[in-house]
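Biologist: I'm new to this one, so please walk me through it. Let's put it on the screen.

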Amino acid sequence: MPKPQQDAVTALLEEVSHQEQPQPAAAKADLRGKGAIVTGAATGIGRATALEFARRGCGVAFNYVELPGRDVAVQAAMTEAILKSLNVPVYCDRCDVRDLEEVERFVRAAQQAIGGVHILVNNAGISRDGALWRTDTTAWHDVVETNLTGAFHMIRAVAPIFRAQHYGKIVNVTSIQAIKPGFGVANYAASKAGLIGLTHAAAVELGPANVNVNAVAPGFVKTELTEHLSEELVARARGQTPLGRLGEPDDVAQIIVFLCSDAARHITGEIVRVDGGQALS
Ligand SMILES: NC(=O)c1ccc[n+]([C@@H]2O[C@H](COP(=O)([O-])OP(=O)(O)OC[C@H]3O[C@@H](n4cnc5c(N)ncnc54)[C@H](O)[C@@H]3O)[C@@H](O)[C@H]2O)c1
């Protein structure tokens, strides 16, 4: 190797060896010693996310509420049992994200039970679809208070902890419906679009405290939330997706966990579509 080139390589090696932070790749998967709150993790995308955190050694706290026609409490007990089998600290309780007092109690209890909170995933969400001109104010408020105000309550409750420890990761689960709504989802689309605004604002306000705030925007994902949809709608979603497949909960979970890892330490205020390209069609 010619001398000037060799000198440059030596200088580069020296610079790399003096970096005080680990390289992102080296820091990637290991979340041991961290604690994550995942809202609504009894089922679906939340459950897949909670399991992925636990596989990486992260303590997990999650909450749920019962939903009409569903067996969420039973599912919560199952999720809790699987998480415990992965030998991480686990905390599970019923807590309605629409109620700030309940949320603050839950966060305090979670902090005690799993030994600290470093990560928040705002996943809890509902839909109450119908044509805009037939949507009553109850359906409007239920959806907006769960999907948007609920996330605000959670961020409000963890912000003092994250600011005091000068560390935190927040991921909000929005939807491509916020960007490209279908018919009959005005309340849902508005709540998820609000969540994008909240993600940007929180990234600006919490960034100086070393808190990353991002969002994922899934397309159609096979969960109990979508299982009542007609075959025609499901086929349409698949047809609109360039990758020609429907999302699985784990497709979203992997990206959420990546955004909560130090591999993503320089990403904040970002909205990551996880939709097989569905929003492009
Ligand atoms: N499935 C999809 O196609 C899809 C697409 C885009 C976005 N999303 C979003 O992903 C998230 C998870 O949805 P999913 O598909 O896993 O559905 P899901 O119905 O299985 O999960 C939602 C969970 O939220 C919880 N929840 C509802 N209201 C709550 C409240 N007030 N307080 C606390 N918990 C509450 C429920 O107990 C439930 O376990 C939601 O925010 C949803 O809007 C889903």
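Biologist: Let me start somewhere specific. Which residue stands opposite Thr39 in strand 2?

Modeller: That's Asn63. Strands here are DSSP runs of E with at least two residues, helices are runs of H or I with at least four, and both are numbered from the N terminus. Residue numbers start from 1 along each chain as its sequence is written. Keep in mind that this is a predicted model: local features need pLDDT of at least 70, side-chain atom pairs count only at pLDDT 80 or more, and totals for chains, interfaces and linings use all residues.

Biologist: Good to know. How many bridges link strand 1 and strand 2, and in which sense do they pair?

Modeller: They pair in the parallel sense over 5 bridges. Two strands count as paired if DSSP finds at least two bridges between them. On another side of the story, strand 1 (residues 35–39) also runs parallel to strand 4 (residues 119–122), with 3 bridges joining them. There, Ile37 sits opposite Leu120.

Biologist: What's the whole sheet like, then? Which order do the strands take?

Modeller: It's an open sheet of 7 strands in the order 3-2-1-4-5-6-7, with parallel pairing. Strand 3 (90–94) and strand 7 (271–274) are at the edges with a single partner strand each, so one side of each has no neighbour in the sheet. From one strand to the next, the twist averages 15 degrees.

Biologist: And the helices? Which strands does helix 7 lie across?

Modeller: Helix 7 (residues 186–206) lies across strand 5 (168–173), strand 6 (211–218) and strand 7, at about 165 degrees to strand 6. Helix 9 (residues 249–259) lies across strand 4, strand 5, strand 6 and strand 7, and also runs at about 165 degrees to strand 6. Those angles go from 0 to 180 degrees between N-to-C directions, using axes fitted to C-alpha atoms, for helices over the stretch in contact. Altogether the chain has 9 helices and 7 strands.

Biologist: Strand 6 keeps coming up. Is it covered or exposed?

Modeller: Mostly covered: 8 of its 8 residues are buried. Buried means 20 or more other C-beta atoms within 10 Å of a residue's own, exposed means 12 or fewer, partly exposed is in between, and the C-beta atoms are placed from the backbone. Val211, Val213, Ala215 and Ala217 point one way, while Asn212, Asn214, Val216 and Pro218 point the other. Strand 6 is joined to strand 5 by 6 parallel bridges, with Asn214 as the bridge partner of Val171.

Biologist: Why does Ala217 count as buried?

Modeller: Because it has 24 C-beta neighbours inside 10 Å. Beyond four places in sequence, Ala217 touches residues including Thr174, Ile179, Val272 and Asp275. Contact here means C-beta atoms, placed from the backbone, within 7 Å.

Biologist: Changing topic: which residues touch the most others in the largest nonpolar core?

Modeller: Ala36, Ile37, Ala50, Val60, Phe62 and Ile256, out of 72 core residues. Helix 6 gives the largest share, 8 residues. A nonpolar core is a set of buried Ala, Val, Leu, Ile, Met, Phe, Trp, Tyr and Cys residues joined through C-beta atoms within 7 Å. Ala50, for one, is in contact with Val38, Ala41, Val60, Phe62, Thr79 and Leu83, leaving aside neighbours within four places in sequence.

Biologist: Any odd backbone spots? What is the phi of Asn87?

Modeller: About 60 degrees, which is positive although Asn87 is not a glycine. Asn87 sits in the loop between helix 4 (72–85) and strand 3, and counts as exposed because it has 9 C-beta neighbours inside 10 Å. His166 has a positive phi too, near 50 degrees, and lies in the loop between helix 6 and strand 5.

Biologist: Last thing, the ligand. Which residues come nearest?

Modeller: Gly40, Gly44, Gly125, Thr223 and Leu225, among 30 residues around the ligand. Being near means a C-beta atom, placed from the backbone, within 6 Å. Helix 3 (44–55), strand 2 (59–64) and helix 6 (137–165) each give two or more residues to that shell, and helix 3 has the largest share with 3 residues.

Terms used:
Two residues are in contact if their C-beta atoms, placed from the backbone, lie within 7 Å.
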